[in-house]
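Q: I have not looked at this one before. Can you walk me through it?

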Amino acid sequence: MNAVPLSLHAPDDALPHNIEAEAALLGSILINGDITDAVSDIVGPDDFYVTVHGRIFRACAQIHASGGQVNPITLKPHLQGDEGLKEVGGIAYLVQISTVSASYIGWREFAEQIRDLSRRRKLITAMQDLISRSHQTSSDDSIASIMEDADSALTSILDGSLDEMAGVKQVSAEQAFKDMLAEYDQPDNGVRCGVMPNLDKRLGPIRPHHLVIGAGRPGMGKTAWALSYSVGAARKGHGVLFVSLEMSRIDLMQRATADVLFDSSWQVPYDKIRDNRLEGQDRREVYRASQYFKDLPFNIIDAGSLTIGRLNMLVRRWKRRMEARGQKLELVVIDYLQLLRSDSKSKGVYEAVSEVSRGLKSIAKTYDVGVLALAQLSREVEKRADKRPMLSDLRDSGQIEQDADAVMFLYREEYYLQQIEPRPGTDDHARWEQALELVHGEIDFIIAKRRNGTGGTCKGEFHGAFQAVRGRA
């Protein structure tokens, strides 16, 4: 059976193309919609020689990004009234190419060939235009102008896609100035969490391209703080992608549920949610919490292990998926940095962490997002009498401090005081109780570095029973 109608063939067209490969690739997607994201990393709708193929691919990508199943039936409403599809047989054509493609396993090769042929066509078209202009010796088109346009054409076609993936932007000072002015017109450039107003002011918004490090020793409440910050930001409309390398999505949602209920009229302790000890009003409130998460632009990647290269790909896919839903990815949260792996297995710890740090900064710039990465501090903190952390305590690599636009430490004096309880009934114990009362539920946000502003310290509230962190006015 021929999967491609004769009406799609254009034997007189000298531009390189492979219509059969396009049909086979689309058929492969219709058979297995799970490959849609991977295909989208290689080709776009404009890379298809047959325009109706490009429209079919765009519709497939939209359906998949919204969480739907990609098949000829679900495609039908998206292509209703498409004259190009009608000419090749309508829905029957989609069924036909998916049936024939059932025996194909080379979808990646098809996609790569389609991408390469698209680049060749763009190059040929651009060169033909330049050749035509070069023949017109009587025109006002100077040789310098033609050569300049030739260089621009080659750069945009051969390097443009690579630059786009690497986040490379080449502009004049004039254009950069215009871009700067355009930023001023944005209503709220950067992510704020809302639930910690004093931190929003002291740290400032987490802006696109910025890498912010939230560091602390174990027990300081890093994950609770990051989750409170992330959910608060999402409830303000900022799109958030939370990458958890330590806790499962179930653990995170148990904490997030306790966090959002903390601000409601009926609070439910985290341990009750975690241990499924829910009765009466507690159970009703937990089930009602679904309203907080419905349509919330908050997404979770639950991964036991990730390389920085794999994370890059996942961020690219989630940015595209959220855009298809009408949402904008603005903040990527990593819990935590030292659990990300280098793409090179042969590197030592220092070099590996340095690569991960540079990779996170690259992700922030490439995808126009803010990145908030949690980080562990070295044990040197525990050896000092004053356990307030310093920049030199950042573990494994000085590259982290260098790459970060801001570094914030989390510090809870209450945690350390609880470790040195004197013998009950003594004067020391009475003084210890007084000291503990003064810092009960207190958390310090220490801004040790802020590239575009001043640092300083502000205080927040750590509600451990509800895994909720809040700021002060």
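**Surface patch, sheet and salt bridges**

A: On the surface, Phe 177, Met 180 and Leu 181 form a nonpolar patch with about 270 Å² of accessible area together. This is a predicted model, in which local features need pLDDT of at least 70 and side-chain atom pairs count only at pLDDT 80 or more, while totals for chains, interfaces and linings use all residues. Residues are numbered from 1 along each chain as its sequence is written, and side-chain values use heavy atoms, with hydrogens and water left out.

Q: What counts as a patch?
A: Patches are made of residues with over 30% relative accessible area and no salt bridge; like charges are joined within 9 Å, and nonpolar side chains (Val, Leu, Ile, Met, Phe, Trp, Tyr) within 5 Å. The areas come from the Shrake-Rupley method with a 1.4 Å probe, and for residues only the protein chains shown count as cover.

Q: Where does Phe 177 lie?
A: Phe 177 is in helix 9, residues 173–184. Helices (H or I, at least four residues) and strands (E, at least two) are DSSP runs, numbered from the N terminus.

Q: Why does Phe 177 count as partly exposed?
A: Because its relative accessibility is 48%. Buried means under 20% relative accessible area, exposed means over 50%, and partly exposed is in between (1.4 Å probe, protein chains only).

Q: Now the sheet. What is the strand order?
A: The order is 3-2-5-7-1-8-9-10-11, in an open sheet of nine strands with mixed pairing. Strand 3 (298–302) and strand 11 (468–471) are the edge strands, each pairing on one side only. Two strands pair if DSSP finds at least two bridges between them.

Q: In which sense do strand 1 and strand 7 pair?
A: Strand 1 (residues 211–216) and strand 7 (residues 370–376) are parallel, over six bridges. Ile 213 has Ala 373 in strand 7 as its bridge partner.

Q: Which strands does helix 12 touch?
A: Helix 12 (residues 249–262) packs on the sheet and touches strand 2 (239–244), strand 3, strand 10 (456–463) and strand 11. Its direction makes about 45° with that of strand 11. Contact means heavy atoms within 4.5 Å; axes are lines fitted to C-alpha atoms, for helices over the stretch in contact, and angles run from 0 to 180 degrees between N-to-C directions.

Q: And helix 17, what does that touch?
A: Helix 17 (residues 349–366) also packs on the sheet, touching strand 1, strand 5 (329–335) and strand 7, and its direction makes about 160° with that of strand 7.

Q: Back to helix 12. Is Gln 254 buried or exposed?
A: Gln 254, which lies in helix 12, is buried, with a relative accessible area of 15%. Not counting residues up to four places away in sequence, Gln 254 touches Tyr 270, Ile 273 and Arg 274.

Q: How many salt bridges does the structure hold?
A: There are 30, a salt bridge being a side-chain nitrogen of Lys or Arg within 4 Å of a carboxyl oxygen of Asp or Glu. One of them joins the side chains of Asp 37 and Arg 321 (2.4 Å, N to O). That pair links distant parts of the chain, 284 residues apart: Asp 37 in helix 2 (residues 36–40) and Arg 321 in helix 16 (residues 308–324). Asp 37 is buried, at 5% relative accessible area.

Q: What about Arg 384?
A: Its side chain meets that of Asp 393 in a salt bridge (2.9 Å, N to O). Arg 384 is partly exposed at 23%, whereas Asp 393 is buried at 2%.
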